[in-house]
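Let's take a walk through this structure together. We'll begin with the cysteines and then move on to the sheet.

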Amino acid sequence: MMRKSHFICIGCPMGCDITVSVDENDQITQVDGHNCKQGKAYAQSEYKNPVRVLTTTVAVDGSSHRFLPVRTNKPIPKDRLMQAMAVLTTVRVDRPFEIGQVVLKNIVKSGADVIATDVLSNIDFD
């Protein structure tokens, strides 16, 4: 029995509506609706192993800045996002922090590090 999954491609601004057909062995048999190679590759990847960059904040100690914006340095499996968020709710950082500085290594054993996306200096202007 054939199944179909639908995706909106984010590979380019066109936002193609792509359909991936899979067989009873969960093998992709056909990809329709893409207008470029990027779309086909995106849909195949999204079906087989969906990943996302996690963007959030972590708590800050000793500053009027209550949160430091962070993100993963590479995409992590979509099914581990909630687990990663649970871990990050327990993380607290202290000043100083530079953009790109690692806040937490290898979050949820994904191979991705959580990095700061803003500066948190020792000087508090608030």
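Why is the sulfur of Cys-16 in no bond with the closest cysteine sulfur? That closest sulfur belongs to Cys-12 and is 5.7 Å away, which is too far for a bond; a disulfide is a pair of cysteine sulfur atoms within 2.5 Å. Cys-36 is in no disulfide either, and the nearest cysteine sulfur to it, again that of Cys-12, is 4.6 Å away. So the count of disulfides for the structure comes to 0.

Before going further, keep in mind that this is a predicted model, where local features need pLDDT of at least 70, side-chain atom pairs count only at pLDDT 80 or more, and totals for chains, interfaces and linings use all residues. Residues are numbered from 1 along each chain as its sequence is written, and side-chain values use heavy atoms, with hydrogens and water left out.

Now for the sheet. There are 5 strands here (DSSP E runs of at least two residues, numbered from the N terminus), and they form an open sheet in the order E8-E5-E6-E10-E9, with mixed pairing. To pair, two strands need at least two bridges between them as found by DSSP. At the edges sit E8 (92-94) and E9 (102-104), each pairing on one side only.

Look at one of those edges: E9 is joined by 2 bridges to E10 (residues 114-116), and the two run antiparallel. Leu-104 stands opposite Val-114 in E10.

Finally, helix H2 (residues 81-88; a DSSP H or I run of at least four residues) packs on the sheet, touching E5 (55-61), E9 and E10, where contact means heavy atoms within 4.5 Å.

Methods: Axes are lines fitted to C-alpha atoms, for helices over the stretch in contact, and angles run from 0 to 180 degrees between N-to-C directions.
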